Amino acid sequence: MRALISLVAVLLLVAVAYGMAEANMRFLLGVVIPYAAVAVFIFGMIARVLKWGSSPVPFRIPTTCGQQKSLPWIKQSKLESPSGTMGVLGRMALEVFFFRSLFRNLKMQRYEGNQLAYGEAKWLWLAGLAFHWTFLVILLRHLRFFTLAVPVPVQMLEGLDSFLQIGAPILYITDVIFLAAVTGLFIRRVMLPQVRYISLMADYFPLFLILGIGVTGVMMRYLTKTDILSVKILTMSLVRFSPDASVLGQIGVLFYIHLFLISVLFLYFPFSKLVHMAGVFMSPTRNLAANNRWKRHINPWNYPVHVHTYEEYENDFRAKMKEAGLPVEKE
Amino acid sequence: MKLYDGGKIFIGLIIFVAFAAFPFYFNVGKVNAKPEPKTDTPAIQEWEKQNGKKQCVESKEFMRTEHMQLLNNWRDSVVRDGNRGYMSDAHTKRFNMSLQNECMRCHSNKKKFCDECHNYMAVKPYCFDCHIAPKEEEKS
């Protein structure tokens, strides 16, 4: 049901974009909404990060999965339980680039009555990794619409991505992997009962939205083609802050649907679970060194507390304690 | 608002903005020349004189978005089936499926026609890895 509502929501967005493109509201679709979306995305992300940054992290709470730094003859697991900056950087790099923690994903099964067994389940890691990396490559490849002297690395990326030279326009390998990975992640979400149980609209909606973006993009490239020359004239005018409305009429409706879905993604980004893009860098369970045992971390909101020590107590009651025959430390 | 580890957070935010706003500052101060493919070769002018209008194998709109697909189909037809005859929708005329002998006969100005948009879009078709491009005199 939650998946169905999310699907309907995305289809509704498609219908809205289609209607607006047909109803000659292309300036809104092609210029106003994209600008608003990019502004909301950038400032929304900054606001979100500053909000997180204003929460104190008084205690060291890294989750560790290895031997912490100890006696010299005990081998430390430097990446799993980092004790310094270099270790933390290595650990974060593993997490950000290779999704180290997803690699530990397990599946749990019951067998022979009530026996529990745990096994590896790498599909989530593999599909997640494939999805994120291909999404990044596709995003970077789109820079060819936003730069005139297209940077050499972007051109190299594109050459590498299309090196199979299948068909014309040449097939991009990432397009295939991307759609397969998103579909795989969706199937995993609905097939595994435990995962389906905890899945919310906020999980399905971005999946369908991103799938919609991918499908419309692939359709525009390989099936019903659009006039990409006019598209680039539009995008170049947008990045120069001098929108060229003259080409809006020459671009197919499918492009406006694609663009509208991307605008919605950008608008939605800072307010949804997608902010894990910034959040992964700010997770105290990942980005802190596990040095609790030898470094004192003082709670920033500590205020001075008057402590009545035993010494003071004894000073107050020494005479009475002696009278009662109690032992005292000072005579 | 007090920031904890503000230095690190600001470095992160600067990197984020540098990536997100890349297209906006990268193009500052660079020329923004729109492509203008030229269809004024002698062969095209001759055709225009005879027929009263310029007309490619298919309509201009079709050619603009689908020419790569058309050429790919032509290649498959010629190389795999040995069939060089092409009946277009726009003409009643039969065309010879050949990049060098048919397309480039009219569009003998590869640099001012093909490359004009391909360079703008940073597209690098591999047609002329095998085919011979028409000879062009550099006119400046």
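Q: Which residues have the most contacts inside the largest nonpolar core of this predicted model?
A: The model is predicted. Its largest nonpolar core has 67 residues. Inside this core, the residues with the most contacts are Leu209(A) and Phe255(A).

Q: With which residues is Leu209(A) in contact, leaving aside its neighbours within four places in sequence?
A: A contact here requires heavy atoms within 4.5 Å. With the neighbours within four places in sequence set aside, the partners of Leu209(A) are Val10(A), Leu13(A), Leu261(A), Val264(A) and Leu265(A).

Q: How many residues does the other core have, the one that lies apart from the largest nonpolar core?
A: This other core includes Phe95(B), Leu99(B), Met104(B) and Cys114(B). Its residues number 12.

Q: Is chain A more spread out than a compact globule, or less?
A: Chain A has 13 helices and two strands. For its 331 residues the globule rule gives 20 Å, but the radius of gyration is 28 Å. That value is well over the rule, so chain A is, relative to a compact globule, more spread out.

Q: What box do the C-alpha atoms of chain A fill?
A: The box is taken along the principal axes. Its dimensions are roughly 105 × 55 × 45 Å.

Q: What percentage of the residues of chain A count as buried?
A: A residue is buried when its relative accessible area is under 20%. Chain A has 331 residues, and the share that counts as buried is 40%.

Q: Is Glu95(A) buried or exposed?
A: Glu95(A) is found in helix α3, residues 85-98 of chain A. The cut-off for a buried residue is under 20% relative accessible area. Glu95(A) has 12% relative accessibility, so it counts as buried.

Q: Which residues are in contact with Glu95(A), leaving aside its neighbours within four places in sequence?
A: The neighbours within four places in sequence are not considered here. The residues in contact with Glu95(A) are then Arg100(A), Ser101(A), Val280(A) and Arg286(A).

Q: Where in chain A does Gly167(A) lie?
A: Helix α5 covers 152-161 and helix α6 covers 173-191. Gly167(A) is in neither of them, but lies between α5 and α6, in the loop.

Q: Which residues does Gly167(A) touch, not counting residues up to four places away in sequence?
A: Gly167(A) has a relative accessible area of 26%, so it is partly exposed. Not counting residues up to four places away in sequence, Gly167(A) touches residues of chain B, namely Asn72(B) and Tyr126(B).

Q: How far apart in space are Gly167(A) and Tyr222(A), C-alpha to C-alpha?
A: In sequence, Gly167(A) and Tyr222(A) are 55 residues apart. In space, the C-alpha to C-alpha distance is 9.1 Å.

Q: In what order do the elements of chain B run from the N terminus on?
A: Chain B has seven helices and two strands. Read from the N terminus on, the order is α-α-α-α-β-β-α-α-α.

Q: What is the radius of gyration of chain B?
A: The globule rule gives 14 Å for the 140 residues of chain B. Chain B is more spread out than a compact globule, because its radius of gyration is well over that value, at 23 Å.

Q: How far apart are the mean positions of the positive and negative charges of chain B?
A: Chain B has 22 positive and 18 negative charges. The mean position of each set is taken, and the distance between the two is 4 Å.

How values were computed. Residues numbered from 1 in each chain as written. Chains lettered and ligands numbered in written order. Predicted model: local features only at pLDDT ≥ 70, side-chain atom pairs only at ≥ 80, totals over all residues. Heavy atoms only, no water. Helix = DSSP H or I, 4+ residues; strand = E, 2+ residues; numbered from the N terminus. Rg over C-alpha atoms; globule rule 2.2 N^0.38 Å. Buried < 20%, exposed > 50% of the residue type's maximum accessible area, 1.4 Å probe, protein only. Core = buried A, V, L, I, M, F, W, Y, C linked by side-chain atoms within 4.5 Å. Lys, Arg positive; Asp, Glu negative; His and termini not counted. Charge placed at Lys NZ, Arg CZ, Asp CG, Glu CD.
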